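Hello,

I am handing over the structure we talked about, and I hope you enjoy looking through it. My notes on what turned up follow below.

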Amino acid sequence: QVQLVESGGGLVQAGGSLRLSCTASESIFRVNAMGWYRQTPVKQRELVAGISSGGSTHYVDSVKGRFTISRDNAKNTVYLQMNSLKPEDTAVYYCAAGFWVAPSIAPAYWGQGTQVTVSS
């Protein structure tokens with residue numbers, strides 16, 4: 001079973017940057033897509049960014065131009081570079097591994113979540 005371990009969350013001021021990392025316990029070639037979701041107490045979990053094994057990407061409109069998803073298959077790791085952060089980006093961010101269903105992903109495995117807090 002694939003296990004996903006996230007890191008990189010924290011507290012940052014508005015306008016700042018964070019980079020989230022997610023390392024899979026097994027080769028992510030077994031699943032063909034990786035992604036980052038986020039959830040708040042008042043909003044259901046949403047896909048923030050996804051990336052297929054071929055490098056196709058998908059972003060929710062609210063983060064386009066600010067966030068970048070990338071993957072390093074040699075390290076079994078996917079990254080989410082978050083720039084120009086806004087208070088509304090505050091959420092628990094979850095790494096997911098699953099299947100590419102263009103232009104999104106169908107998650108099969110989840111990480112434990114990492115808190116991102118953006119202060120105004």
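**What I found**

The protein exposes about 5900 Å², and carbon and sulfur atoms supply 49% of that area. Please keep in mind that this is a predicted model.

Starting with the overall fold, the protein has 11 strands and 0 helices, so its elements, read from the N terminus, run β-β-β-β-β-β-β-β-β-β-β. The protein is as compact as a globular protein of its length, because its radius of gyration is 13 Å, close to the 14 Å that the globule rule gives for 120 residues. Its C-alpha trace spans about 40 × 25 × 25 Å along the principal axes.

On packing, 44% of the 120 residues count as buried. Among contacts with a separation of 6 or more, 57% are between residues 24 or more positions apart.

As for charge, there are 10 positive and 7 negative side chains in the protein. The centres of these two sets lie 2 Å apart.

One residue you may like to look up is proline 107, which lies in strand β10, residues 104-110. Is proline 107 buried, exposed or partly exposed? Its relative accessibility is 34%, so proline 107 counts as partly exposed, given that buried means under 20% and exposed over 50%. Leaving aside neighbours within four places in sequence, proline 107 is in contact with Tyr37, Ala96, Ala97 and Gly98. Alanine 96 sits 11 residues from proline 107 in sequence, and their C-alpha atoms are 5.8 Å apart in space.

Happy exploring, and best wishes

Notes: Residues are numbered from 1 along each chain as its sequence is written. This is a predicted model: local features need pLDDT of at least 70, side-chain atom pairs count only at pLDDT 80 or more; totals for chains, interfaces and linings use all residues. Side-chain values use heavy atoms; hydrogens and water are left out. Helices (H or I, at least four residues) and strands (E, at least two) are DSSP runs, numbered from the N terminus. The radius of gyration is taken over C-alpha atoms; the globule rule is 2.2 Å times the number of residues to the power 0.38. Buried means under 20% relative accessible area, exposed over 50%, partly exposed in between (1.4 Å probe, protein chains only). Contact means heavy atoms within 4.5 Å. Accessible areas come from the Shrake-Rupley method with a 1.4 Å probe; for residues, only the protein chains shown count as cover. Lys and Arg count as positive and Asp and Glu as negative; His and the chain ends are not counted. The place of a charge is taken as NZ of Lys, CZ of Arg, CG of Asp or CD of Glu.
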